[in-house]
Amino acid sequence: QVHLVESGGGLVQAGGSLRLSCAASGRIFSINAMDWYRQAPGKQRELVAHITNSGRTNYADSVKGRFTISRDNAKNTVWLQMNSLKAEDTAVYYCNADVYTASTMFGNYWGQGTQVTVSS
């Protein structure tokens, strides 16, 4: 079993910063891509940032230049540094990872989510 645990959410004023963390634990052989998604009330969950195990990144247009995704493969951890936050960034943020639990056993896992609220 694999568990993803997010932390770092909270309430911040517009223009402020937050850093989210997501640590994976359990039976992990290796981790491929790690992603951050978010879901605002009444909206669909959307991909915010993506990072491969080699460090290649992609971002949603709405966060480019403001958010930075990074990871430490040795610690099975991914971070999302969020700067210049806007009210429209308010959402529950979820960590997602593609995990090999053995050399040929693969699964996709979600964290429980962490609330980010940006006051205007």
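Which residues are linked in a network of salt bridges? In this predicted model, the network is made up of Arg 38, Glu 46, Arg 66 and Asp 89, and the points below begin with its individual pairs before turning to the disulfide, the nonpolar core and the aromatic rings.

1. The search of the whole structure gives 4 salt bridges, and two of them involve the side chain of Arg 38, which meets Glu 46 with an N to O distance of 2.7 Å and meets Asp 89 with an N to O distance of 2.9 Å. Asp 89 lies in the loop between strand E8 (77-82) and E9, whereas Arg 38 belongs to strand E4 (residues 30-39), so this salt bridge ties together parts that are 51 residues apart in sequence.

2. Asp 89 also forms a salt bridge with Arg 66, and here the closest N and O atoms are 2.8 Å apart. Since Asp 89 is in the loop between E8 and E9 and Arg 66 is in the loop between strand E6 (57-59) and strand E7 (67-72), the pair ties together parts that are 23 residues apart in sequence.

3. The surroundings of these charged residues deserve a separate remark, given that both Asp 89 and Arg 66 are buried. For Asp 89 the relative accessibility is 0%, and Arg 38, at 6% relative accessibility, counts as buried too. Glu 46, by contrast, is partly exposed, with a relative accessible area of 34%.

4. The model contains 1 disulfide, formed by Cys 22 and Cys 95, whose sulfur atoms are 2.1 Å apart. The link of Cys 22 and Cys 95 is left-handed, with -80° about the S-S bond. Because Cys 22 is placed in strand E3 (residues 18-26) and Cys 95 in strand E9 (residues 91-102), the pair ties together parts that are 73 residues apart in sequence. Cys 22 is buried, its relative accessible area being 1%, and Cys 95 is likewise buried, with a relative accessible area of 0%.

5. As background to the next point, nonpolar side chains in soluble globular proteins tend to be buried together. The largest nonpolar core of this model has 30 residues, and those with the most contacts inside it are Leu 4, Trp 36, Phe 67, Val 78, Leu 80, Met 82 and Tyr 93. Two or more residues are given to this core by each of strand E1 (2-7), E3, E4, strand E5 (46-51), E7, E8, E9 and strand E11 (114-119), and the largest share, 5 residues, comes from E9.

6. Leu 4 offers a convenient place from which to inspect the packing. Once its neighbours within four places in sequence are left aside, Leu 4 is in contact with a set of residues that includes both cysteines of the disulfide, Cys 22 and Cys 95. Among the other contacts of Leu 4 are Ala 23, Ala 24, Asn 96 and Ala 97, as well as Tyr 109, Trp 110, Gly 111 and Gln 112.

7. Trp 110 also appears among the aromatic residues, where the count comes to 3 aromatic pairs and ring pairs link Tyr 37, Tyr 94 and Trp 110 into a cluster. Two rings of this cluster are accompanied by Arg 45: its charged end sits over the ring of Tyr 94, 3.7 Å from the centre of that ring, and Arg 45 also lies over the face of Trp 110, at 4.6 Å from the ring centre.

Note on methods. Residues are numbered from 1 along each chain as its sequence is written. This is a predicted model: local features need pLDDT of at least 70, side-chain atom pairs count only at pLDDT 80 or more; totals for chains, interfaces and linings use all residues. Side-chain values use heavy atoms; hydrogens and water are left out. A disulfide is a pair of cysteine sulfur atoms within 2.5 Å. Helices (H or I, at least four residues) and strands (E, at least two) are DSSP runs, numbered from the N terminus. Buried means under 20% relative accessible area, exposed over 50%, partly exposed in between (1.4 Å probe, protein chains only). A nonpolar core is a set of buried Ala, Val, Leu, Ile, Met, Phe, Trp, Tyr and Cys residues joined through side-chain atoms within 4.5 Å. Contact means heavy atoms within 4.5 Å. Rings of Phe, Tyr and Trp (its six-membered ring) pair if their centres lie within 6.5 Å; planes under 30 degrees apart count as stacked, over 60 as edge-to-face and the rest as tilted. A charge sits over a ring if NZ of Lys or CZ of Arg is within 6 Å of the ring centre and within 35 degrees of the ring normal.
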